[in-house]
Amino acid sequence: MAETIAGESGIHSVAGAVIFAILYVPLFFFFIKQAIGRPTYVYIVTSLFCALRIAAFIIRAMLADVPKDGNDLSLFITFEVIYNVGFFGLLYSAYTLVLDRALLSDAPLPDGPISRITRRRPLFRIVLMAAVAVGITGAIEAAQINSPSAMSTGSTLRKVAVYLFLILSILVAFQTVLLIRAESSYGSYKTVNAGFGSTHGMYILAVISLLLVAREAFFTATSNDLTKQDNEDLWYPLSALTELIAVVLFAAPGLVPSRAELPT
């Protein structure tokens, strides 16, 4: 029996996709509840991320389980696009959370040029949206199996997107390190909501930022070897699982300040 398009791209495990789709369902409802009770960008976007991951893993299960779906190029591209777009929310939520907690800290903000530039949220958003746009275009072009030139262009664009995501993930880790150093010297940030996340937030943020860097390091290291990158024995623990753990950490009580707490 001939391999499907999805199978040639490394999509084989139905159980893995179903399990991850199910795991994201309670997280989605948790963050929706939090977004309603304590409106904040982090909760709203993390809810959207969970919804996109549920959709992506359902489609992945269909691609792996049903031969007709596995050969449906449009469905395969849809999975690639949804999965690519979803990471925008996770990465920007981590970035926003680090900067928001810095605003509520007694520590003075670092005044170095790199620190000032990386704290410019509009600039970070622009680069992040560019990475998403390039990644989506690359995924669409790379899926054009009847056009070698389009596939080559798509492969190049996907690499560019991966490098941009890696740089942005490192910048989030950089801001996290600055916050950890500041809080170590001046104390943790001030919040009206006590909890594990408020007390140990800098350690949680450090783990989240390391998980995001690890995810992108995996894609960067395997950007020239798509067979290895698409290998589910590597893809699930280094891509899917790192994201899931990061999302679970966002749920730590007291980690995310509400919009009302932030200075105007």
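Helix α7 has 22 residues, which at 1.5 Å a residue should span 32 Å; the C-alpha atoms at its ends are 31 Å apart, in agreement with that figure. The model discussed here is predicted.

**Helix α7**

The buried residues of α7 are F124, L128, A131, V132, G135, G138, A139 and A142. These residues lie on the same side of α7, because they cover an arc of only 130° around the axis. An α-helix has 3.6 residues a turn, so residues three or four places apart point the same way.

**Salt bridges**

Six salt bridges are present in the structure. Three of the pairs are listed below with their N to O distances.

| Pair | N to O distance | Location | Separation in sequence |
|---|---|---|---|
| R53 and E243 | 2.8 Å | helix α3 and helix α12 | 190 residues |
| E232 and R60 | 3.0 Å | helix α12 and helix α3 | 172 residues |
| D100 and R121 | 3.0 Å | helix α5 and helix α7 | 21 residues |

The side chains of R53 and E243 form a salt bridge. This pair links distant parts of the chain, with R53 in helix α3 (residues 41-65) and E243 in helix α12 (residues 232-250). R53 has 0% relative accessibility and therefore counts as buried. E243 has a relative accessible area of 1%, so E243 is buried too. The cut-off behind both assignments is a relative accessible area under 20%.

R53 and E243 also belong to a network of salt bridges in which they are linked with R215 and E216.

A salt bridge also joins the side chains of E232 and R60. E232 lies in helix α12 and R60 in helix α3, so this pair ties together parts that are 172 residues apart in sequence. Both E232 and R60 are buried.

The side chains of D100 and R121 meet in a salt bridge as well. D100 is in helix α5 (residues 73-103) and R121 is in helix α7 (residues 121-142), and the pair links distant parts of the chain. D100 is buried, because its relative accessible area is 5%. R121 has a relative accessible area of 22% and is therefore partly exposed.

**Links between helices**

Helices α3 and α12 hold the partners R53 and E243, and the pair of E232 and R60 is placed in helices α12 and α3. Helix α7 contributes R121 to the pair with D100 of helix α5.

Terms used: Residues are numbered from 1 along each chain as its sequence is written. This is a predicted model: local features need pLDDT of at least 70, side-chain atom pairs count only at pLDDT 80 or more; totals for chains, interfaces and linings use all residues. Side-chain values use heavy atoms; hydrogens and water are left out. A salt bridge is a side-chain nitrogen of Lys or Arg within 4 Å of a carboxyl oxygen of Asp or Glu. Helices (H or I, at least four residues) and strands (E, at least two) are DSSP runs, numbered from the N terminus. Buried means under 20% relative accessible area, exposed over 50%, partly exposed in between (1.4 Å probe, protein chains only). The expected span of a helix is 1.5 Å times one less than its number of residues. The arc is that of the directions from the helix axis to the C-beta atoms.
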